[in-house]
Amino acid sequence: MALVQLSEIAQTRSGDKGDSSDISLFAQNQELYEIFKREITEERVFEHFKQLVSGPVQRFEMDNLLALKFLIDGALAGGASQSLRSDSLGKCFGSNLLRMKVEIPDHILAGVKCFRYPK
């Protein structure tokens, strides 16, 4: 079992919906997706972003895309036209989520492409 940062094994896409950040997390295969569904909960995502957000986190499973979609309310300090944040559109939230670490069994990790930067 290895503790792996999501940036090494997953991809995201993020943006804004009013005062909410919208993040999609994509798994490379079904095995990883099942781990993501089990480990990356609404509560865990809220805890990860608790310094930045005020509202609840909703999670939607997109099985056909091997993706989890998170809608995080109260994430943008009022939304793009009102916020004084440097990321008022929520584009950095996906990169931030990729900092989360998840335990992945070695046999599953062996079968996925690792997105690590060359040393």
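S14 sits in strand β2, which covers residues 11-17, and that makes a handy way into this predicted model. The protein has four helices and six strands, and read along the sequence they run β-β-β-α-α-β-β-α-β-α. Below is a quick tour, going from S14 to the overall layout, then into the core and on to a pair of rings.

**S14 and its partner**

- S14 counts as buried because its relative accessible area is 13%, under the 20% cut-off.
- What does the side chain of S14 reach? It gets to the backbone nitrogen of G94, at 3.1 Å.

**The protein as a whole**

- Of the 119 residues in the protein, 41% are buried.
- The accessible surface adds up to about 6,900 Å², and carbon and sulfur atoms hold 50% of that.
- If you take the contacts between residues at least 6 apart in sequence, 65% of them join residues at least 24 apart.

**The largest nonpolar core**

- This core is made of 30 residues, and the ones with the most contacts inside it are L6, F36, I40, V45 and I72.
- Which elements give two or more residues to this core? On the strand side they are β3 (20-26), β5 (67-72) and β6 (101-104); on the helix side they are α1 (30-39), α2 (42-49) and α3 (93-97).
- Helix α1 puts in the largest share, with four residues.

**Around I72**

- I72 is one of the residues with the most contacts inside the core, so here is its list of partners, leaving aside neighbours within four places in sequence.
- From the earlier part of the chain, I72 touches D19, S20, S21 and I23.
- I72 is also in contact with V45, F49, V53, P56 and V57, and with F93 as well.
- V45, one of those partners, is itself on the list of residues with the most contacts inside the core.

**The aromatic pair**

- How many aromatic pairs does the count come to? Just one.
- The partners are F49 and F93, with ring centres 5.1 Å apart and planes at 25°; the pair is stacked because that angle is under 30 degrees.
- F49 belongs to helix α2 and F93 to helix α3, so the pair ties together parts that are 44 residues apart in sequence.
- Buried or exposed? F49 is buried, with a relative accessible area of 1%, and F93 is buried too, at 4%.
- Both F49 and F93 also turn up among the contacts of I72.

Note on methods. Residues are numbered from 1 along each chain as its sequence is written. This is a predicted model: local features need pLDDT of at least 70, side-chain atom pairs count only at pLDDT 80 or more; totals for chains, interfaces and linings use all residues. Side-chain values use heavy atoms; hydrogens and water are left out. A nonpolar core is a set of buried Ala, Val, Leu, Ile, Met, Phe, Trp, Tyr and Cys residues joined through side-chain atoms within 4.5 Å. Buried means under 20% relative accessible area, exposed over 50%, partly exposed in between (1.4 Å probe, protein chains only). Contact means heavy atoms within 4.5 Å. A polar contact is a pair of N or O atoms within 3.5 Å; within protein, one must be able to donate a hydrogen and the other to accept it, and residues adjacent in sequence count only if both atoms are side-chain atoms. Accessible areas come from the Shrake-Rupley method with a 1.4 Å probe; for residues, only the protein chains shown count as cover. Rings of Phe, Tyr and Trp (its six-membered ring) pair if their centres lie within 6.5 Å; planes under 30 degrees apart count as stacked, over 60 as edge-to-face and the rest as tilted.
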